[in-house]
Amino acid sequence: MDITSQEIESIVRKVISGIEQNNTQSAASGFKSSVAPTPTVSQTQTAVSSYGYKPQSTGKSELGVFENVEAAIEAAYKAQRDWITNYKVEDRQRIIEAIRRWSRSHIEEWCRKIVEETGMGRYEDKVEKHLAVINKTPGTECLTTYALSGDNGLMLEEYGPYGVIGAITPTTNPTETIINNSISMIAGGNSVVFNVHPRAKKVCAECLQVINKAIIDAGGPANLVTMTKEPTMDNVDKLAASPKIRMMVGTGGMGMVNALLRSGKKCIGAGEGNPPVIVDETADVVLAGRKIYEGSSFDNNIVCFAEKEVFAVESIYDGLIYELKKNGAYLVNAQQAEQLTRLCVKKKKSGEGYEPNKDWVGKNASEILRQVGVQAPDSCRLVIMETPADHPFVLCEQLMPVLPIVKVSSFEEAVELAVKSEKGNRHTASMFSKNVDHMTTFAKSIETTIFVKNSATKAGLGIGGEGHCTMTIAGPTGEGITDARSYCRRRRCVLAEGGLRIV
């Protein structure tokens with residue numbers, strides 16, 4: 001079963017309300033009452049440890065969690081052969097719905113554990129991300145068959161699996177990516193071996209076990225989804241070298257994506273983004289202030305698709321600053337901005353440019369502000385600063401709720417600077433405008449996978465907007481907003497000599 005958008009909104013409102021009242025028990029009750037009865041934590045054997053997994057000896061697993069990568073690959077290979085041989089497409093969809101149901105019942109505990117284990121992000125926003133990937137990741141419904149009939153016979157083109165996929169997941173969206181990738185990949189008839197980020201390995205193992213339990217409970221094969229207890233770069237090399245791994249998928253930084261591209265296998269890479277926002281002279285400034293605040297502060301800006309820098313035309317610049325402050329943003333002065341820059345951004349060790357100080361990635365705005373003597377309440381979600389276009393915060397993907405705002409003299413200057421700051425990632429960009437020509441010009445110039453007009457950039461992932469959701473936004477390799485089709489091969493079958501035609 002699925003739940004409606006109204007129910008999703010109700011869930012998020014109740015969870016956030018529970019946080020504001022410092023009453024997590026009420027939030028939990030509010031969430032669970034909004035969905036149909038689902039399996040409990042105890043049913044997934046999570047009592048074996050505080051994170052719910054206890055890998056056994058080499059070659060054996062506890063619901064898909066293995067001691068070594070070779071065993072994880074072998075188990076996933078056997079499961080995939082069983083999956084494609086003995087299960088129908090309707091079985092895949094039924095089992096995917098079971099994954100959705102089981103995952104919904106664990107959202108709150110996973111979100112709390114992600115914050116605890118990684119030290120990044122905001123619980124209430126992680127709830128929203130999990131709901132998006134659970135409910136808006138397509139299953140088998142997108143695997144449509146193309147048919148052509150003519151005088152020379154019948155032709156069918158269908159989506160077939162690659163086989164076993166090796167998938168690398170990030171610390172910024174750990175369980176969200178596992179859920180999203182698992183649904184898409186097994187919908188296409190594949191199995192998957194994950195190498196998760198070490199800083200999120202415990203909660204990822206619990207999530208993977210729940211997915212396995214859901215599959216088995218619904219009658220599917222064990223080990224369609226596997227991982228190792230200890231994720232390492234050596235495991236990535238072994239995945240890339242294994243002849244049983246037919247595709248590599250990476251969600252994270254460009255260094256990782258480039259490494260996968262050198263593996264010689266079919267590769268889908270979702271790299272970094274540095275999404276710029278343009279606010280031109282025709283924009284609804286009230287809307288822009290509200291949506292930029294909402295998007296740039298989302299999960300403390302650790303998501304690659306969140307607004308990272310703003311270019312505002314001078315005629316509306318002061319109004320935009322006012323609206324951002326009205327929504328809750330804190331504007332630092334020049335001295336504080338300089339202090340924050342030294343604290344949060346540093347020069348790269350190799351090559352030119354800047355990179356974020358990992359100690360402050362994903363931290364709350366109030367915690368960052370305290371470092372410069374500002375005692376902001378925890379409800380403050382975003383720091384804003386006025387900067388020039390060549391400021392380090394503009395030119396690097398900072399992954400923290402500190403938003404630089406650049407004043408420009410014209411729309412044309414804004415486009416030039418926005419394209420420069422995006423640095424050819426072709427990931428995400430947005431614009432607030434009522435001028436269709438301006439929006440068209442910027443979209444053509446920036447060439448991003450996601451382009452959002454007059455809303456927060458998360459709308460481009462179906463979070464407050466239309467369209468399906470993914471956590472693997474494959475700009476570098478061109479698949480874009482991935483779904484089950486992205487992890488499939490196109491296969492053609494032809495019946496010649498006019499066979500099966502009745503006209």
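This section describes a parallel sheet, two residues with positive phi, a charged patch and one long-range contact in a predicted model.

The sheet is open and consists of 7 strands. Their order is β12-β15-β16-β11-β10-β17-β18, and the pairing is parallel. β12 (330-331) and β18 stand at the edges. Each has a single partner strand, so one side of each lacks a neighbour in the sheet.

Two of the pairings were examined further. Strand β10 (residues 276-279) runs parallel to β11, and 4 bridges join the two. Within this pair, Pro276 has Glu309 of β11 as its bridge partner. Strand β17 (residues 428-432) is likewise joined to β18 by 4 bridges, again in parallel. Here Met431 is partnered by Lys453 of β18.

The edge strand β18 spans residues 450-453 and has two distinct faces. Ile450 and Val452 make up the covered face. Phe451 and Lys453 make up the uncovered one. Lys453 therefore belongs to the uncovered face while serving as the bridge partner of Met431, in a strand that stands at an edge because it has a single partner strand.

Backbone geometry is considered next. Most residues other than glycine have a negative phi. Asn301 departs from this sign, with a positive phi of about 65°. Asn301 sits in the loop between α11 (285-296) and β11 (309-313). Its relative accessible area is 0%, so Asn301 is buried. Arg426 is not a glycine either, yet its phi is positive, near 55°. The loop that holds Arg426 runs between α16 (411-422) and β17. Arg426 has a relative accessible area of 41% and is partly exposed, whereas Asn301 is buried.

On the surface, Arg199, Lys346, Lys349 and Lys358 form a positive patch. Lys349, one of these residues, is found in the loop between β13 (345-347) and β14 (354-356). Lys349 has a relative accessible area of 81% and counts as exposed, because that value is over the 50% cut-off.

A further feature links positions separated in sequence. Ser149 and Ala496 are 347 residues apart along the chain. Their C-alpha atoms are separated by 9.9 Å. Ser149 lies in strand β3 (residues 146-150). With 42% relative accessibility, Ser149 is partly exposed.

Technical notes: Residues numbered from 1 in each chain as written. Predicted model: local features only at pLDDT ≥ 70, side-chain atom pairs only at ≥ 80, totals over all residues. Heavy atoms only, no water. Patch = residues over 30% accessible without salt bridge, like charges linked within 9 Å, V, L, I, M, F, W, Y side chains within 5 Å. Areas by Shrake-Rupley, 256 points an atom, 1.4 Å probe, with all protein chains shown as cover. Salt bridge = Lys/Arg side-chain N within 4 Å of Asp/Glu carboxyl O. Lys, Arg positive; Asp, Glu negative; His and termini not counted. Charge placed at Lys NZ, Arg CZ, Asp CG, Glu CD. Buried < 20%, exposed > 50% of the residue type's maximum accessible area, 1.4 Å probe, protein only. Pairing = 2+ DSSP bridges.
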